[in-house]
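Let's take a walk through this model together, one part at a time. Have the sequence and the 3D view ready, and follow along.

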Amino acid sequence: MSDSWPAGTGEGPVPAGPVLRLRLTATTDALPVRVTGLRIEGLPEGVEPAGGLPRSVDLEPGESRDVDVVLGSTTARREGWGSGPRAETWRLSVGGRVSTPVAGAAERFVDRTPRLATAPAGESLAVRGTAQVTVDPVRWSAALGALLAVLAVGAVLLLRRYRPVRGTLSAEGVDTRQPVQIPLQGRGEVTVDLSALLEGDGSVRIRSVPGPLREEPPIRLRCRTADRPEREIVCSPGQTVLLCGIEFHYATLPAQRR
């Protein structure tokens, strides 16, 4: 049992039309065949045979019969990111169950069970059609939710890395009577000239240390002087550290004390 599409003998897909002709051929030499459960597979959503297909088709040995597949619509329906028509290609194939109405007689009088293919066999048909695409709210909602989740995770990581600092860092040299007060506010890095506390040029860069958002952040001090490479140290709130010959004391604002 074979199936074919007379309109699909040329090269390339055929345009979708209201009627597609299907040809069923009995390839047996002596046995009649019957096709039941005939169906067209590969039709997109919104494109269905109008009125259905024959419930059964009987063919004599070697006989061919054409079945007109009348489509109720030649425009498929799709949901996507945007809206509007979109050209696409459908590959149609034939499904069904192949049998012979004389199977019982063959088993009784010939003592043999007829050997037939259980389904029609043939080439698929490429059909060039159009799909009307509408916006899929579920898809957009899922994409928006995923984007918000990514942004939220990124924001948390960013805030953990650059935690806000609100306090004061006092720097006092060995021979200075009045310490230098360095206000700390926000997430950015602060650079301060330490030349007034040193015999030569020097500076200190101050930034908060990454960590949990609910805790007062320590600060990292990176000190550079004219004659020595950069050195660094971490200073917690309320702690006093010595770096580059300068004593640093970190105090948070009263509103942040716990």
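By class, the lining of the largest pocket has 5 nonpolar, 5 polar and 6 charged residues. In that count, Ala, Val, Leu, Ile, Met, Phe, Trp, Tyr, Cys and Pro are nonpolar, Asp, Glu, Lys and Arg are charged, and the others, Gly among them, are polar. This is a predicted model, in which local features need pLDDT of at least 70 and side-chain atom pairs count only at pLDDT 80 or more, while totals for chains, interfaces and linings use all residues. Residues are numbered from 1 along each chain as its sequence is written, and side-chain values use heavy atoms, with hydrogens and water left out.

So where is that pocket? To find it, look for Leu197, Leu198, Glu199, Gly200 and Cys244, which lie nearest the centre among its 16 lining residues. Its volume is about 310 Å³. A word on how such spaces are found: on a 1 Å grid over the protein atoms alone, a pocket is an open set of points with protein on both sides within 12 Å along at least five of seven lines, a cavity is a set of points where a 1.4 Å probe fits but cannot get out, and lining residues have an atom within 4 Å of a point. Grid points are joined across faces, edges and corners, and a volume is the space filled by probe spheres set on the points.

The second largest pocket holds about 180 Å³ of space. Here 14 residues form the lining, and Trp5, Gly8, Glu123, Ser124 and Leu125 lie nearest the centre. This lining divides into 6 nonpolar, 5 polar and 3 charged residues. Strand E1 (2–4) and strand E9 each supply at least two of them. Strands (E, at least two residues) and helices (H or I, at least four) are DSSP runs, numbered from the N terminus.

Trp5 takes us on to the largest nonpolar core. This core has 27 residues, and those with the most contacts inside it are Trp5, Leu22, Leu24, Leu38, Ile40 and Leu92. Strands E3 (19–25), E4 (33–41), E5 (56–59), E6 (64–70), E8 (84–99) and E9 (125–135) each supply at least two residues of this core. A nonpolar core, by the way, is a set of buried Ala, Val, Leu, Ile, Met, Phe, Trp, Tyr and Cys residues joined through side-chain atoms within 4.5 Å. Buried means under 20% relative accessible area, exposed means over 50%, and partly exposed is in between (1.4 Å probe, protein chains only). In soluble globular proteins, nonpolar side chains tend to be buried together.

What does Leu92 touch, leaving aside its neighbours within four places in sequence? Its contacts (heavy atoms within 4.5 Å) are Trp5, Leu20, Ile40, Glu41, Gly42, Leu43, Ser124, Leu125 and Val127. Leu92 also stands opposite Leu125 in E9. Strands E8 and E9 pair in the antiparallel sense over 9 bridges, where two strands pair if DSSP finds at least two bridges between them.

E9 has other partners too. Strand E7 (residues 75–80) pairs with E9 in the parallel sense over 6 bridges, with Arg77 bridged to Gln132. Strand E2 (residues 14–15) also pairs with E9 in the parallel sense, over 2 bridges, and there Pro15 has Arg128 as its bridge partner.

Is Asp58, in strand E5, buried or exposed? Neither quite fits: Asp58 counts as partly exposed because its relative accessibility is 33%. Beyond its neighbours within four places in sequence, Asp58 is in contact with Val33, Arg34, Glu63 and Arg65.

Now for a second, separate core, of 21 residues, which includes Val165, Val204, Ile206 and Tyr250. Val165 and Ile206 also help line the largest cavity, along with others including Leu184, Gly186 and Ile219. That cavity has about 60 Å³ of space, and a search of the whole structure finds 1 cavity of 30 Å³ or more. Strands E11 (180–186) and E13 (202–208) each supply at least two residues of the cavity lining.

Let's finish with two single residues. Ser170 lies in strand E10 (residues 165–172) and counts as buried because its relative accessible area is 17%. Leu147 sits in helix H2 (residues 137–161); with a relative accessible area of 46%, Leu147 is partly exposed. Leu147 and Gly17 are 130 residues apart in sequence and 42 Å apart in space, C-alpha to C-alpha.
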